[in-house]
Amino acid sequence: MQARSYLKLSVATAVVTIALKTAAWWWTGSVSLAADALESLVNLAGAVFALAMVTLAAQPADDNHPYGHHKAEYFSSGFEGILIIAAALGILWGAVDRWRHPQPLEALGLGVSLTIISSVLNGALAWAMLRKAREVRSVALEGDARHLITDVWTSAGVVAGLIGVIATGWQWLDPLLAGLVALNILREGVHLLRKSTGGLMDEALDAESLANVQAVLDSHGQPQTVRFDHVFSRVAGQRRFVDLHMHVPARWTLSRAAAVRGEVEEALMRAVPGLRVSIQLLPMDVEPHMLDEEDLV
Ligand SMILES: [Zn+2]
């Protein structure tokens, strides 16, 4: 199944989940169930947006976007992060209000049952999506899956708390739980937002991939004849890019240099799957003029 199919399934599941949780909230009047329902609503908005962005990211490169559209995915996790933070603040506000003006809860058994059903649906979907996200390295899919997992934990906490209310009659457990749910959602929102800004700011490759790149360069470099420098890397959605210089003696023929360059290129692509390598060939003691600018060196 493709990444987009998972996101469509996620949209459908979100609609069902919202219906179940809204009903649970309606019957019980519980502010923690309201928090849980609101989070699912955010899930729906997030899934729809992720679907649009993954579709955009999959577009082939065109004249206006010669490097492709991979970065579209960062809009998705950034947008979702902002939505989650807004939802968390709304829930906090509701919890404080309920704490100050307590109200009796009703039909808690029914509310708890509906919430458990929706959590099982969400949990199964999140598990499948996370596996797919790791396979295809999609931040949009991962963002959506992580969000679903938060949702499952939220519901588990709320269900445990409401069972506590049934057992003890302590109504204040409800707003307390809603507040804790809100803080956890807030944390997840900040995480997603940081992930998307990292991508938009051209973050370097992860340490493991960089070490693999360096190992390949070390094994192909030779004292006096082949030297690599100015290694820059960046990540754009599912794509990873490395730019570097390969310095060879000026007396080498271009075809000899190109043959070595080709070997290095292939070795790098084997070492880091999905890597786009750009190797600039230069004579031993020559650097491009643009490196004279201080901020690039
Ligand atoms: Zn150089």
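Me: Does Gln224 count as buried or as exposed, judged by its relative accessibility?
Reply: This is a predicted model, and in it Gln224 is found in the loop between helix 7 (207-220) and strand 1 (227-236). A residue counts as exposed when its relative accessible area is over 50%. Because the relative accessibility of Gln224 is 72%, this residue counts as exposed.

Me: What is the phi of Gln224, and what is the sign of that angle?
Reply: Most residues other than glycine have a negative phi. Gln224 is not a glycine, and yet its phi is positive, with a value of about 75°.

Me: Where does His230, another residue with a positive phi, lie?
Reply: His230 is a residue other than glycine, and its phi is near 50°, a positive value. With a relative accessibility of 22%, His230 counts as partly exposed. Whereas Gln224 is found in a loop, His230 lies in strand 1.

Me: How many helices and how many strands does the protein have?
Reply: The elements can be read along the sequence, where they follow the pattern α-α-α-α-α-α-α-β-β-α-β. Counting each α in that pattern as a helix and each β as a strand, we arrive at 8 helices and 3 strands.

Me: What radius of gyration does the protein have, set beside that of a compact globule of 297 residues?
Reply: Along its principal axes, the C-alpha trace of the protein spans about 85 × 40 × 35 Å. A compact globule of 297 residues would have a radius of gyration near 19 Å, but the value for this protein is 26 Å.

Me: What percentage of the protein's residues count as buried?
Reply: The accessible surface of the protein comes to about 15600 Å², and 63% of that surface belongs to carbon and sulfur atoms. To count as buried, a residue must have under 20% relative accessible area. Of the 297 residues of the protein, the share that counts as buried is 45%.

Me: Among contacts between residues at least 6 apart in sequence, what percentage join residues at least 24 apart?
Reply: One pair that can be followed in the model is Val152 and Thr115, which are 37 residues apart in sequence and 9.5 Å apart in space, C-alpha to C-alpha. That spacing is a distance between C-alpha atoms, whereas a contact is counted from heavy atoms within 4.5 Å. For the protein, among contacts between residues at least 6 apart, the share that joins residues at least 24 apart is 74%.

Me: How far apart are the centres of the positive and the negative side chains?
Reply: The protein has 23 positive side chains and 30 negative ones, and each set has its own centre. The distance between the two centres is 5 Å.

Me: Which residues are linked with Lys21 in a network of salt bridges?
Reply: The structure holds 8 salt bridges, and one of them joins Lys21 to Asp36, with the closest N and O atoms 3.2 Å apart. That pair links distant parts of the chain, since Lys21 is in helix 1 (residues 3-28) and Asp36 in helix 2 (residues 31-57), 15 residues apart. Lys21 also forms a salt bridge with Asp151, where the closest N and O atoms are 3.4 Å apart. The residues linked with Lys21 in the network are therefore Asp36 and Asp151.

Me: How many residues apart in sequence are the parts that Lys21 and Asp151 tie together?
Reply: Lys21 is buried at 1% relative accessibility, and Asp151 is buried too. Because Lys21 lies in helix 1 and Asp151 in helix 5 (residues 139-168), the pair ties together parts whose separation in sequence is 130 residues.

Me: Which residues does Val152 touch, not counting residues up to four places away in sequence?
Reply: Val152 lies in helix 5, and at 23% relative accessibility it counts as partly exposed. Leaving aside residues up to four places away, Val152 touches Ser119, Asn122 and Gly123.

Me: In which helix do Arg261 and Glu265 both lie?
Reply: The side chains of Arg261 and Glu265 meet in a salt bridge of 3.4 Å, N to O, and Arg261 counts as partly exposed at 22% relative accessibility. The two residues are 4 residues apart, about one turn of the helix, and the helix that holds both is helix 8.

Note on methods: Residues are numbered from 1 along each chain as its sequence is written. This is a predicted model: local features need pLDDT of at least 70, side-chain atom pairs count only at pLDDT 80 or more; totals for chains, interfaces and linings use all residues. Side-chain values use heavy atoms; hydrogens and water are left out. The radius of gyration is taken over C-alpha atoms; the globule rule is 2.2 Å times the number of residues to the power 0.38. Buried means under 20% relative accessible area, exposed over 50%, partly exposed in between (1.4 Å probe, protein chains only). Accessible areas come from the Shrake-Rupley method with a 1.4 Å probe; for residues, only the protein chains shown count as cover. Lys and Arg count as positive and Asp and Glu as negative; His and the chain ends are not counted. The place of a charge is taken as NZ of Lys, CZ of Arg, CG of Asp or CD of Glu. A salt bridge is a side-chain nitrogen of Lys or Arg within 4 Å of a carboxyl oxygen of Asp or Glu.
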